[in-house]
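I'm opening a fresh page for a structure I haven't looked at before. My plan is to go through it piece by piece and jot down what I find.

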Amino acid sequence: MMRRAHRLTQRMSSTIAPTAGQGVNPAPTHMLPPVSLLVEQPDVGAFNPPKRLLMGPGPGNAHPRVHAAMALPQIGHMDGAFLQMAEEIKEMLRYAWQTKNPFTVPCSGTGSAAWEALCANLTSPGDKHLVLVNGYFGLRHCDMASRYGAEIIKLEKPWGEVFTPEEVDAACQEHKPDMIWVAHAETSTGACQPMDSLGEIARNHDCLLAADTVTSIGGLPVRLDEWGVDAAYAGGQKALSCPPGIAPLTFGDRALTKMDKRTANGEQVKNWYLDMNMIKQYLVVNDFGVPRVYHHTAPISMAYALREALGILTEEGLEASWSRHRDAAEFFWNELEKIGLECHVDWEHRLPTLTTVKIPEGIDGGKVVTYLRENYSIEIAGGLGALAGKVWRIGLMGYNARRENAALVCAALRDALDAQGYYRAPGLLYPSRQHSRSSFHGVA
């Protein structure tokens, strides 16, 4: 019996052991028979994307440290080290938002995923949403919330203007909404909505206040608890200097109460992937020793990126980041005036992170966008919706919020406008193309 076992071991060893020159992974001796493939093997070559200075409405260029963090080895999403990192992300998000909300989490997906999570979890069929529409993204909330059964009530202003507390209060008195939705930073117009008194109005009318902070978090003052905001979402790809793919979401006590009431009434969240009742069991530590419950595979590398981006913000400090964005923006606005361009939004309500620049009469705005991309490798964007063809949208966000970038964009704009003959038009007395270029030399 022992000899037979020994001979069997020898035969197995001779079968699996590599011979000289084979290495540890010899070529297979049995190949599959040739087959006819429906789709031919593609020949796409090596991946080599162009390098751009991303100065549009987002994404902006991620911080180099964030790119480095994404290259670190992955760990499992149920690993204790990953869950500890998630707690650090949550803590720093509370700092960035200035909120003490326990339910403050990273949401898998871009900012729109966190936005839809807000709608899916806080909307019962028949709820009234008072939507403050002064730009493209107000209209998007109307679309999104209506898909979850909300009755939409629009309070509208011209794109680029903001709402007064009196206007919001009057609309609440008339319509008795269940939620007020507002874009703190309207990315389509570059307008910053004052938030003072809106939380008080929401409480006086027993409704939730939800805020879009995608283009404001990290780049200008955001104080959710002070403002009385009940639910908010953001994106990582703008002032946080993180690539798109993971998004902050926070619910306060009144929002969580709304969720609990829906559950008690037997309502099921209409989106499994974004059901925050289930996400809570995975991402929120409880006091009862109940183990975390797997929901979906978290985007590990994107979580690394957000962790590093928030770490950079925390190192710099909120006030310093806000000041840096404001300084770069005001420098940019002044330089735009020097080359004969005008901003769409009044100074007092302009976002430091996103500027809408009026396209001069007779200028093809799309050609300017193309000119900057092809000649300077700079990305800016045109307008959306009612502002399409009327403005450019130019971002100074996160890692890119520096004076040298603002100066470079102005030089490129000056060149692009000159290429269309703008400065040769009668009545325009701006510096020559040669002078414009030299005036920016040494600043960029």
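**Entry 1: a pair of strands**

How many bridges join β11 to strand β14, and do they run parallel or antiparallel? I looked it up: five bridges, and the two strands run antiparallel. Strand β14 covers residues 391-395. Across the pairing, Val 357 stands opposite Trp 392 in β14. I also looked at how covered β11 is, and four of its five residues turn out to be buried.

Reminder to myself: this is a predicted model.

**Entry 2: the overall count**

I stepped back to take in the whole chain. I get 15 helices and 14 strands. The chain has 444 residues, and 51% of them count as buried. Then I looked at contacts between residues with a separation of 6 or more: 71% of them come from residues 24 or more positions apart.

**Entry 3: the seven-stranded sheet**

Next I traced an open sheet of seven strands, with mixed pairing. Reading across, I wrote down the order β2-β10-β9-β8-β5-β3-β4. Which strands stand at the edges? They are β2 (103-108) and β4 (151-156); each has a single partner strand, so one side of each is left without a neighbour in the sheet. From one strand to the next, the twist averages 20 degrees.

I followed the β2 edge further. Its pairing with strand β10 (residues 246-251) is antiparallel and runs over six bridges. Thr 104 has Thr 250 of β10 opposite.

Then I checked which helices go with this sheet. Helix α6 (residues 165-175) packs on it and touches β3 (128-133), β4 and β5 (179-183). The direction of α6 makes about 155 degrees with that of β3. Helix α10 (residues 276-283) lies across β2 and β10, and I noted an angle of about 105 degrees to β2.

**Entry 4: the cores**

The largest nonpolar core has 90 residues. I listed the members that touch the most others: Leu 118, Leu 122, Val 168, Ile 180, Leu 249, Phe 251 and Met 276. Which helix gives this core its largest share? That's α11 (residues 300-316), with ten residues.

I picked Val 168 for a closer look. Leaving aside neighbours within four places in sequence, its contacts are Leu 130, Leu 132, Leu 155, Phe 163, Ile 180, Leu 198 and Ile 201. Apart from the largest core there is another, of 34 residues, including Ile 339, Cys 343, Ile 378 and Tyr 423.

**Entry 5: rings**

I counted seven aromatic pairs. How do the rings of Trp 333 and Trp 347 sit relative to each other? Their centres are 4.8 Å apart and their planes are at 75 degrees; over 60 counts as edge-to-face, so that's what I called the pair. Trp 333 lies in helix α12 (residues 318-338) and Trp 347 in the loop between α12 and β11 (354-358), so the pair ties together parts that are 14 residues apart in sequence. Trp 333 is buried, at 1% relative accessible area, whereas Trp 347 is partly exposed, at 35%.

Trp 333 has another visitor: the charged end of Arg 350 sits over its ring, 5.0 Å from the centre. I found a second case at Tyr 423, where Arg 414 lies over the face, 3.3 Å from the ring centre. I also noted one aromatic cluster, made up of Trp 115, Tyr 136, Phe 137, Trp 181 and Tyr 233.

**Entry 6: loops and backbone oddments**

Is Gln 237 buried or exposed? It sits in the loop between β9 (231-233) and β10, and at 11% relative accessible area, under the 20% limit, Gln 237 counts as buried. Beyond its neighbours within four places in sequence, I found Gln 237 in contact with Pro 59, Gly 60, Cys 242, Pro 243 and Pro 244.

That led me to Pro 59, in the loop between β1 (53-54) and α2 (64-70). Gly 58 and Pro 59 are joined by a cis peptide bond, with omega about 5 degrees.

Last, I looked up two positive phi values in residues other than glycine. Lys 176 has phi near 50 degrees; this residue is in the loop between α6 and β5 and is exposed, at 53%. Ser 197 has phi near 80 degrees; Ser 197 lies in the loop between β7 (191-192) and α7 (198-204) and is partly exposed, at 36%.

Note on methods
Residues numbered from 1 in each chain as written. Predicted model: local features only at pLDDT ≥ 70, side-chain atom pairs only at ≥ 80, totals over all residues. Heavy atoms only, no water. Core = buried A, V, L, I, M, F, W, Y, C linked by side-chain atoms within 4.5 Å. Buried < 20%, exposed > 50% of the residue type's maximum accessible area, 1.4 Å probe, protein only. Contact = heavy atoms within 4.5 Å. Pairing = 2+ DSSP bridges. Axes fitted to C-alpha atoms, helices over the stretch in contact; angles between N-to-C directions. Phe/Tyr/Trp six-rings, centres within 6.5 Å; stacked < 30°, edge-to-face > 60°. Lys NZ or Arg CZ within 6 Å of the ring centre and 35° of its normal.
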